[in-house]
Amino acid sequence: MRRKSLPNDVTTQKHGHVLAELFLPAGCLDTPGYAIDVHSVQTKLDQNEHPSDWPRELKTRVMRKLLKQEWNRYPEPHSARLRSAVATYVGVSEERVLLGASSSQLIGLIVSALAHGSGRTILATPSFPLYERVLGFVDRRAETWRLSADFKFDLGSLTKLRARDVLILASPNNPTGSFLAKADLLWLLERNPMTLFIVDAAYAEFAPEDYTNLLGRFDNLLLLRTVSKALGGAGIRVGFALGDPKLMRQLSKLEPPYALNRFALTAVTCLLEDREALAWVAEETQKIIAERDRLVGAINELNADVDVFDSAGNFLLLRFRTAAACRLVYDGLVHAGVLIRDVSPGAGLERCLRVTIGSRDENQHFLNSLQGCSITTSDGK
Ligand SMILES: Cc1ncc(COP(=O)(O)O)c(C=O)c1O
């Protein structure tokens, strides 16, 4: 959308949309808002959430701690205790940790600030749509690093990186599940010391390799993590960035004071300081990974017109032969009480649906319902 030239008399612009056009960057006006299908269903597998709520005892401990606090007072200014708990959880020093009210919030702050450099912004796509949206808000157009036809990171198709470029990728990547091998990331980092690598590792706990110890060797690597996925705290809204202490110190200036509320601070600190709770997280993670593998096998055995891609996250991407089949399956699943994510409007994701790995029962409900739909799919081709 072209920005309108400013009229002589701004006060004649009375309607909201006209004012928006006058004052917001064109990239923001062009960017669609966050959209999600809301259906009330029995089996909710559309947002890559954790299938289990936190253990009752843990929630009770959090509530007891909250009851003792003074809610009329601002929380701890630098969230030192949670920062220390996060540092221990991931195995880095505290100065490498920047906390945020969700990784989405950190993406907004960090990407919009770092995209102002003089280099290019390169985005591995298709990926988590928030990146393109945030770049749109600041009127920055990214070059794309397209994943291969079967959604793999292909180093051969990456543009030659230059000093001051920012490369953004998610690994495990949402919604494709693709994972950039640690050796490949290492290869890129070694050859491009002046490029900044922002690697969104929101699903790190489900992945076969952990990038964290690369932080000690490369100050141009920034990792993004979240409490929303394997840690089961999507409703709490806490994320963290890990990186070079000097960069983290500068980025911390972008955050509003007291960005994390008492509830979030208390809840996540309780989780990370509790060995039993962490053992619960580890056990649940293994269950989800095992269910993911079971689902891949079961979908392949359905003999339906669907491809399922390898995933290193808590979700799977399915691609159907035709757009009609994709729609039929999505609607058929909703009808059967199973909500998954229709990602097919995204560029490069035509005919694709994404399903979150749920509990065993939820996954079985999904599989049974998919089987029902698949028969219709073959008939309806
Ligand atoms: C790759 C990726 N990054 C970040 C996020 C956002 O996580 P949060 O809940 O911390 O905002 C998501 C959420 O689905 C995601 O898939």
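**Figure 1. Pairing of strands β5 and β6 in the predicted model.** In this predicted model, strand β5 (residues 166–170) runs parallel to strand β6 (residues 196–200), and five bridges join the two. One of the positions that can be followed in this view is V166, whose bridge partner in β6 is L196. Helix α7 (residues 182–191) packs on the sheet, where α7 touches β6 and β7 (221–226). The direction of α7 makes an angle of about 160° with that of β6.

**Figure 2. The open sheet of seven strands.** The strands of this sheet follow the order β2-β8-β7-β6-β5-β3-β4, and their pairing is mixed. Which strands stand at the edges of the sheet? They are β2 (97–100) and β4 (143–146). Each has a single partner strand, so one side of each is left without a neighbour in the sheet. On average, neighbouring strands are turned by 20° against each other, with direction ignored.

**Figure 3. Two cis peptide bonds in the loop between β5 and α7.** Most peptide bonds are trans. The bond from S171 to P172, however, is cis, with an omega near -5°. The bond from N174 to P175 is also cis, and its omega is near 15°. P172 is found in the loop between β5 and α7, and the place of P175 is in the loop between β5 and α7 as well.

**Figure 4. The nonpolar cores.** In soluble globular proteins, nonpolar side chains tend to be buried together. The largest nonpolar core of this model has 59 residues. Within this core, L82, L185, F197 and L221 have the most contacts. Helix α9 (residues 262–272) supplies the largest share of the core, namely seven residues. A second core, separate from the largest one, has 33 residues, including Y203, A230, I299 and V355.

**Figure 5. The surroundings of L221.** Which residues are in contact with L221, leaving aside its neighbours within four places in sequence? Among them are L185 and F197, which are also listed with L221 for having the most contacts inside the largest core. The other contacts of L221 are L189, V199, Y211, L214, L215, L242, G243 and D244.

**Figure 6. The crossing of helices α4 and α9.** Two packed helices are described by the angle between their axes and the distance between the axes. The axes of α4 (residues 80–90) and α9 come within 9 Å and cross at roughly 35°. The crossing of α4 past α9 is left-handed. From α4, the residues R81, L82, A85, V86 and Y89 take part, and they meet L265, V268, T269 and L272 of α9. By type, the residues of this contact comprise seven nonpolar, one polar and one charged. An α-helix has 3.6 residues a turn, so residues three or four places apart point the same way.

**Figure 7. Helix α6 and its cover.** Is helix α6 (residues 130–137) mostly covered or mostly uncovered? Six of its eight residues are buried, and α6 is therefore described as mostly covered, where buried means under 20% relative accessible area. The buried residues of α6 are L130, Y131, R133, V134, L135 and G136. Their cover includes the helices α2 (26–30) and α5 (103–114), together with the strands β3 (121–125), β5, β6 and β7. Just after α6, D139 takes a positive phi of about 60°.

**Figure 8. Positive phi at F151 and Y258.** Most residues other than glycine have a negative phi. F151 has a positive phi, near 60°, and lies in the loop between β4 and β5. Y258 also has a positive phi, near 55°, and is found in the loop between α8 (245–252) and α9. With a relative accessible area of 5%, F151 is buried, whereas Y258, at 35%, is partly exposed.

**Figure 9. A202 in the loop between β6 and β7.** The place of A202 is in the loop that joins these two strands in sequence, β6 and β7. Is A202 buried or exposed? A202 counts as buried because its relative accessibility is 8%, and buried means under 20%. Leaving aside neighbours within four places in sequence, A202 is in contact with L224, T226 and K229. The C-alpha atoms of A202 and V227 are separated by 8.2 Å, while the two residues are 25 residues apart along the chain.

Conventions. Residues numbered from 1 in each chain as written. Predicted model: local features only at pLDDT ≥ 70, side-chain atom pairs only at ≥ 80, totals over all residues. Heavy atoms only, no water. Core = buried A, V, L, I, M, F, W, Y, C linked by side-chain atoms within 4.5 Å. Buried < 20%, exposed > 50% of the residue type's maximum accessible area, 1.4 Å probe, protein only. Helix = DSSP H or I, 4+ residues; strand = E, 2+ residues; numbered from the N terminus. Contact = heavy atoms within 4.5 Å. Pairing = 2+ DSSP bridges. Axes fitted to C-alpha atoms, helices over the stretch in contact; angles between N-to-C directions. Left-handed = near helix turned anticlockwise from the far one by under 90°. Nonpolar A, V, L, I, M, F, W, Y, C, P; charged D, E, K, R; others polar.
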